[in-house]
Amino acid sequence: MDLVLDVADHYVLTPYVYPSSWPEGGALRQILSLLVLTNLGAAVLYLGLGAISYFCVFDHALMKHPHFLKNQVRREIRYALTSLPCISVPTVALFFFEVRGYSRLYDRVSDHALGWTGFFISVVSFLFFTDMCIYWIHRFLHHRSIYKLFHKPHHIWKVPSPFASHAFHPVDGFLQGLPYHVYPFLFPLHKGLYLALYVFVNIWTISIHDGDYRVPRPLTPLINGSAHHTDHHLFFDFNYGQYFTLWDRLGGSYRHPSGLEGRGPREVVREREEREERGRGKEVYGQKEE
C-alpha cells in the first residue's frame, strides 16, 4: 500500500493537503491518508467494476426471479457503501503496519531469493492460501451460533447482482478479506503484484455474483465460478470456496451447480415467463370464444 501512498503524497497530499509541519513519514498523517485512500479506492473499485459487470455481463432477466427482491440493487449498493467504511478501519491498521515495514513485501524482483521464479510462485501460493483460509472462515460464519449475527445479511440476496459482491456485514467483510492482508506478513510478495492481486480479488468477487456461468468446460470441476456461488446463495451449505472447488471437495460441501444442469435461476425465470405466456394465451382464447 505504500506505493499508492507514495504516489498520493507526491502528487496530491504533500503539495495541496497537508501543512509542511506534517512530515510524510509521520504516523498520524499516514493513518489519516490510508483511511482516505482505502475508502476511496474501495468505493471506486466496487462501484466502477460493479457497474461494468451490471451493465455488460449481468443477465437482467434474473431480476424477474421470485427471490430477487424489490429494489434489490439499490439496497445492495446502500448496504455495501455503509459497510465499507467500517471494514476499512481494521484494514487500515494492517496497511499501516505494511507501510511501516513490518510485512514481507519487497520492491524489486531481484529482492526475492528466487527472482522471477519466486514472483510467479507467490501468485499461485497467494491464490491457494487465501482460498483455503476463506473457505474455513466462510464455513465458520455459517455456524448457527454466529450466522445470524454476521453472515445472514449477505444471504438476503438469494439471487445476487454484481453489487451484492461487497454487501456484507462489516465483521463478515473484514474476516473474509483478512487472508489477503495476512499473506504478505507471512510470505514474501512483490509490492506491485500485491496491488494487482488486490484488484484481481475485487474483480473475482464481483464476477462470482454476476450470474454469468461461463467457464471453460474442462475447468468447471475445478473453478468456483458464478454458477457455484449462486448455488451457495440459494442452498446455503454448499460451495464455500472463493476460487477453487478443492476445499469444498475435501470438506464435503461441494455441489455441482444447478445452473449447469439446466435447473438454475435462469430456468426458473424462463419457466415462469412461459407459464405467464400460456396464461395470457388462454385468456385471449377465452375472450375470442365469448
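How many of the 290 residues of the protein chain count as buried? The share is 46%, and the model behind these views is a predicted one.

**View 1. The whole chain, before zooming in on its 10 helices and two strands.** Reading from the N terminus, the elements go α-α-α-β-α-α-α-β-α-α-α-α. Taken along the principal axes, the C-alpha atoms fill a box of roughly 85 × 45 × 40 Å. Among contacts with a separation of 6 or more, 71% come from residues 24 or more positions apart. The accessible surface adds up to about 15200 Å², with carbon and sulfur atoms supplying 65% of that. As for charge, there are 28 positive and 26 negative side chains, and the centres of these two sets sit 5 Å apart.

**View 2. Helix H6, residues 170-186, seen end to end.** Does the length come out as expected or not, and why? H6 has 17 residues, so at 1.5 Å a residue it should span 24 Å; the C-alpha atoms at its ends are 24 Å apart, and the two values agree. There is still a bend to look for: a kink of about 40 degrees lies at Gly-177, shortly before the proline Pro-179.

**View 3. The buried residues of H6 and what they pack against.** Around the kink, Gly-177 itself is buried, and Pro-179 is on the buried list too. Others on that list include Asp-172, Phe-174, Gln-176, Tyr-180, His-181 and Tyr-183. Which elements do the buried residues of H6 pack against? On the helix side, the partners are H3 (72-99), H4 (115-141), H5 (147-151) and H7 (191-207). Strands S1 (105-106) and S2 (189-190) complete the set.

**View 4. Thr-130, a buried residue in the H4 helix.** Thr-130 sits in H4, one of the elements that the buried residues of H6 pack against. Is Thr-130 buried or exposed? Its relative accessible area is 0%, so it is buried, since the cut-off for that is under 20%. Setting aside neighbours within four places in sequence, Thr-130 is in contact with Pro-179, Tyr-180 and Tyr-243. Pro-179 and Tyr-180 are both among the buried residues of H6.

**View 5. Val-57, in the loop between H2 (27-56) and H3.** With 34% relative accessibility, Val-57 counts as partly exposed, because that value falls between the 20% and 50% cut-offs. Which residues does Val-57 touch, leaving aside neighbours within four places in sequence? They are Ile-52, Asp-210 and Asp-212. For a longer look across the model, pair Val-57 with Phe-235: the two are 178 residues apart along the chain, and their C-alpha atoms are separated by 23 Å.

**View 6. Asn-71, a loop residue with a positive phi.** The phi of Asn-71 is about 55 degrees, although this residue is not a glycine. Asn-71 is found in the loop between H2 and H3, which is also where Val-57 lies. Its relative accessible area is 42%, so Asn-71 is partly exposed.

**View 7. Asn-239, a positive phi in the loop between H8 (226-235) and H9 (246-250).** Here again phi is positive, about 55 degrees, in a residue that is not a glycine. How accessible is Asn-239? At 0% relative accessibility, Asn-239 counts as buried, whereas Asn-71 is partly exposed.

Note on methods. Residues numbered from 1 in each chain as written. Predicted model: local features only at pLDDT ≥ 70, side-chain atom pairs only at ≥ 80, totals over all residues. Heavy atoms only, no water. Helix = DSSP H or I, 4+ residues; strand = E, 2+ residues; numbered from the N terminus. Expected span 1.5 Å × (residues − 1). Bend = angle between axes of the 7 residues up to and from the residue. Buried < 20%, exposed > 50% of the residue type's maximum accessible area, 1.4 Å probe, protein only. Contact = heavy atoms within 4.5 Å. Areas by Shrake-Rupley, 256 points an atom, 1.4 Å probe, with all protein chains shown as cover. Lys, Arg positive; Asp, Glu negative; His and termini not counted. Charge placed at Lys NZ, Arg CZ, Asp CG, Glu CD.
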